[in-house]
Amino acid sequence: MNRFLLFAMRRRTIATALALLVLVGTIALVATWRPSIAPIAIPKVSAFTQASVERGAVLAKLGDCAVCHTSEGGAPLAGGRPLATPFGTLFATNITPDRQTGIGVWSRAAFIRAMRDGVRRDGAHLYPALPYEHFTHVTDEDLGDLYAFLMTRRPVRATPPPNRLIFPLGFRPLLAGWKLLFLQKGQVKSDPTKTAEWNRGAYLAEGLGHYAACHSPRNLAGGEERARAYAGGVAEGWRAPALDASNPAARRWTQEALYTFLRTGISPDHSAAAGPMAPVVESLSTVPEEDVQAIATYFASKLGGGSPVAPGRVVERTALAAAAEPAGAVLFAGACAGCHGVGAPMTAQQRPSLALSSDLRDADPTNAIQSVLQGIEPPVAGRGPKMPPFAASLTDTQVAATLAYARARYTDRAAWPKLAKTVRKARREGTQP
Amino acid sequence: MTITVSVNGQVQRLEADPATPLLYVLREDLGLNGAKYGCGLGQCGACTVQIDGKAAFSCVTPLAAVEGREVRTVEGLGTIDRMNPLQQAFVEEQAAQCGYCIAGMIMRAQALLDINPTPSDAEIRSHMQPNLCRCGTHMRILRAIRRASGQAA
Amino acid sequence: MSTVVSRRELLAAGGLVVAFSLARRAMAQLAGGGEGGGGPKLRRPDLAGSLKTTPELDSWIHLAPDGRVTVFSGKAELGQGIRTALLQVAAEELDVSPASITFVTADTARTPDEGLTAGSHSMQDSGTAIANAAANVRMLLTRAAARQWRLAPEGLRTTGDGHVVAPDGRRLDYGALAKGLSLQVEAVADAPRRDPASYRTLGRDLPRVDIPAKLTGGKAYVQDLRMAGMLHARIVRGPSHGTRLIAPQLAAAAKAPGVVKLLQNGSFVAVIARTEWQAIQAMRMAQASDYVRTAPPLPVEDGVRHLQSLPSREIVVLDTHDGDRPKASTLRAQYSRPWYSHASIGPSCAVALLKDGGLTIWSHSQGVFDMHRATAELVGLPPEKVRVIHTPSAGCYGQNGADDVTAEAAMIAMAVPGRPIRLQWMREQEFGWEPLGCGMVTQVEASLGPDKRIASWTYEVWSNSHNNRPVRAGGYAVAQEIEQPFTKQEPKPIPMPEGDGDRNANPLYDLPNMDVRYHFVPQMPLRVSALRSLGAHLNIFSLESMMDELALTASIDPLAFRLEHMRDERARAVMKAAAQAFGWEGRRRSDGRRGCGFAFARYKNEGAYCALAMEIEVERETGGITIHRVNAAIDAGQAANPDGIRNQVEGGIIQSLSWAIHEEMTFDESKRTGFDWGSYPILRFDQVPGSIEVEVMHRPGLPFLGAGETAQGPTSAALANAIADATGVRLRDMPLTPAKLKAAIGVGA
């Protein structure tokens, strides 16, 4: 074909494409547009019953509202906390009932729309940093109680920093497309073959608890891979382990073990809650027991079927590990054995052996690395397991050697490949944005 | 086994079990009194030293880990006759009661001043969090750090 | 108003029947707060302070021909600054510069026996003795100069730099004068003291003499002692007092690298190695064993209230009858505190050496004299063969592991003659084995008359003895572990006016119809002994909380209510001073989040006076408490070193806040479960108040009053009062945790 014809064809293609784009764009913009809901006068505290507010307080704990919506050292629920994502950094909003900077003028309907549809009072789309693909499953009644709770909190004047997202993700209407793909509304379906407790657990976990938001893998667009729900995910530089049959625990996660872990922050057959899991167990230590029992029942059924290791048989291959990782053996003896070794004070206090640590057994070494780099703070009420950070003491290579040794000594799993590189990456990601 | 470490600017060749926590090497092999045994678990900070400029717990840092790296202790900041500004500030504020935690406090505080010469009160409190004081000298320690940073106590 | 009340004055006051004994032995026991052993014999009751038991001047002061002075004190530097304060006292009354004095503390071979360094007695016992002894020496020096010059001594002066000077300018230095002087004489009671108006050193903020070394890595602690041939020891034990390892791996540990000896005597096991790390590793190896409880199960069900179900002896503290008064309202409340750990930053350590039949121990015990007697009995040596030298360690705040580690180091040294033995307890051993501060319960019933004044006061306190310091071998933990155990020391209460569980149970307020009883419980569910302020912490907490509860009922301002009931002028003065500095009159009214609290105490009703006010803010969502500011006023009589007092009060405030908000030794049936800083958290930097201001009242020339423990009670009480003011919630069971406060607040924002 001659070049002029090609050129003419291309120009037409471009023009058509442009026209189509504008058409699609207009349709999309129209499709994504949501109306603003009129502001209301800030409701008086007396507008809500005590019972409703109390129920809402529990629901807020189950949903961990304060965990995301409170900045370090900041007023509760007043926002400002950064959340690092592959798409940039978002800052949690102020959900106190402040007129100017919070949700003070939000009606109940506006609140419910935000939780169900991910739409702000003024009609803008919300980033799924707010896990509305889970909150969408919460019943009207519970959302009403949650609203009662939030609207009776202390109003705080505080504006979070602006989001820092990769261009063009700052363009909110794009989120409509995201929701089309990933927001599946509707109630959590009750399973008649399961107990009431299981179903309650399902409702709490899939809805307010938004467990899959951390514990499921996500695709490139940042949506949860529903087909691989609970196969494990990431959270703030840590790994949220698999909560399905592929969970690497040495001992089966029974309902009792799960309950103990979620309620107290430590399971004697596993290990302590660390990293982003710590605030979750802190919240769960304050809600009614039955709710934690229900969540434990739900996940026990997902985790069950994993290969149980007979209790009492604990892997410890000290000589083998020392031969395979001599440098790591030396580092372990000086850095770790004081707490984790033979005759250490933790042992007499019935703290679990490293042989029971899922983090050491996981194919993904991230949590083991972050525990070593960042340490562990007592997860519940400021009292409990406390591990120092080793970030300043050990280099990446040394962390890798120590962990390689620990893996060889306490598990029968294959060595982690390229561990020093993973340590370097984890150290970068573990620091606050 | 011989491990080579730089301690307070001097290269030391140490014959010790490489697994030995740095705390005991500093105290026993090098006769340095500053870093102290408080818990051996990395929870109280009485053993705090600087490794490559960062505050670290010497009680859970094996000697092998500091091979070829720079270790600084309170002895490396100044002497009783020539204290550095931070040590001097602790004297001026009389920031000690039993004094057992103080060398660790100074090392942690110095690590902050080295990267942030004029920290705010909130920054100082947050930075000093890993270090415990049981006598309750906190107010004076905070004042000493602010004084050393040239800010009003 | 006189602060030293004689027995005659007390009885003459009438209407006040106080159950305490002023027997000579009890007087001697008063050194060190009445705890510890009988102490030395009372020889000159007419003299001041410890001169009563050690009246010879040369026990206290040596003068060298070159003018250098050595001063001896039986008290020890615990980090409370006493070395510096006493140095100032000596320098002032001798009228020399502090730098010319060498100060020797608590050494059984060199210094007077002043009993324990405890109970806030150091200034009252040793300070008073040194002041008077030094005044005596100055008097003798002046007289010697007068004789030489043939002048009247009244016309001579001292110059502050070790000289006596005549009106015509002639000078003689102390060294020269000392040559012709014997100080082997007893002090006289009325040696002239220097005029406070011309004080050169006393009352000044002399920088502490021990601080510079502590900042620059100087040798300052028992942990820093290094001796030729020194060996390192570690104890192999169960996790907690009252436990025993079932099968310690002794054979393996004995063969561990560097181990020189493994000592076993009954269930007492120690490993001794060449380096510290070797000792630690051998210990860990040996400790790989399950344990079993050897004592009755711990009271998991009812915790501290278990004390109320144990057999007790009733001690009547106060029983006054001022006639029936009409009661408009009656309040009843119970208060409590849990068992506390001393939580010393440095776990206990001692060095012991057996050489040529004599045992020397470097120890941070508060009672080196008790140690030398009790340890001698333990190891089977005559006491004169055992020398104990106080060497500082981290703050102890009472009887922590120091005494035990002294005895244990001695036992090990006996087994390895000629080698200095350094024994260091591990952190978990300090938490697990040291005697704890007593858990206690109180019950108050108080009524208000229609005139809004208190009409009656009924008070009961349950407590174990706080007085379990080893005075005989049987007081040590090890004494019951060895093959041939010693009988356990019998717990005894400390009689009033000092008291232990009932310390400060007798209100200083002018209250009618007081019925105060101490239920002394001999049986100890957990191992306990003295912790800073003893029973005063909970007794003042209870008293000062109830004062606020009554004030609220009467709708009277808490400060005004207290002043209504307080006649003691110095008490009124500190209360007003603290209130003034705080701005109590115009203080912010409670808004559900912010609130203010006030409290007062005179420690033991004999020590220093302390009042304080604080402003807090409660985060209602979490129960978290921020303490914005604290203003305290303290009257300690003549302040030797005002900054030292301020330091101690600031420290006491922070420690008391930590006790009140966080602390609690937890346990299960078989052992203590607080074993590290994660399981026994204390206050950290993020929770320290925004500001603490301490005013030291100016009281020139008045007798020294012990200040080290004064803030413990009022601080915890002021906090509870501030919480009540802020939120309307009255918490009575320490620790006043965020969880408890949140539960009490509920969801109201």
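**A sheet in chain B and the contact between chains B and C**

In this predicted model, Ile51(B) sits opposite Val71(B), a residue of β5(B). The two strands concerned are β3, residues 48-51 of chain B, and β5, residues 70-72 of chain B, which pair up in the antiparallel sense over two bridges.

That pairing belongs to a wider arrangement. Chain B has an open sheet of five strands, and reading across it gives the order β2-β1-β5-β3-β4, with mixed pairing. At the edges are β2 (10-15) and β4 (54-57) of chain B, each of which finds a partner on one side only. Going from one strand of this sheet to its neighbour, the turn comes to 40° on average, with direction ignored. A helix goes over part of the sheet: α3(B) lies across β3, β4 and β5 of chain B, and its course makes an angle of about 35° with β3(B).

Now for the contact with chain C. Chain B puts 54 residues into it, and chain C puts in 63 residues. Interface size is often quoted as the accessible area that is lost when the parts come together. Here the area buried between chain B and chain C is about 4800 Å², and carbon and sulfur atoms supply 55% of that.

On the polar side of things, 37 residue pairs are in polar contact between chain B and chain C, counting pairs with both residues at pLDDT 80 or more. As for where chain B makes its contribution, the elements giving two or more residues to the side that touches chain C are α1 (22-29), α2 (85-92), α3 (102-115), α4 (121-128) and α5 (138-148) of chain B. So α3(B), the helix that lies across β3, β4 and β5 of chain B, is also on that list. The largest share comes from α5(B), with six residues. By residue type, the side of chain B that touches chain C splits into 29 nonpolar, 16 polar and nine charged residues.

Salt bridges turn up here as well. The search over the whole structure gives 78 of them across all chains. One pair, Arg27(B) and Asp224(C), joins two chains, because Arg27(B) is in helix α1 of chain B while Asp224(C) is in the loop between α6 (211-215) and β7 (231-236) of chain C. The closest N and O atoms of this salt bridge are 2.6 Å apart. Across the interface of chain B and chain C, the rule picks out four salt bridges.

Methods. Residues numbered from 1 in each chain as written. Chains lettered and ligands numbered in written order. Predicted model: local features only at pLDDT ≥ 70, side-chain atom pairs only at ≥ 80, totals over all residues. Heavy atoms only, no water. Contact = heavy atoms within 4.5 Å. Buried area = accessible area lost by both parts, 1.4 Å probe. Salt bridge = Lys/Arg side-chain N within 4 Å of Asp/Glu carboxyl O. Polar contact = N/O pair within 3.5 Å; in protein donor to acceptor, adjacent residues only side chain to side chain. Helix = DSSP H or I, 4+ residues; strand = E, 2+ residues; numbered from the N terminus. Nonpolar A, V, L, I, M, F, W, Y, C, P; charged D, E, K, R; others polar. Pairing = 2+ DSSP bridges. Axes fitted to C-alpha atoms, helices over the stretch in contact; angles between N-to-C directions.
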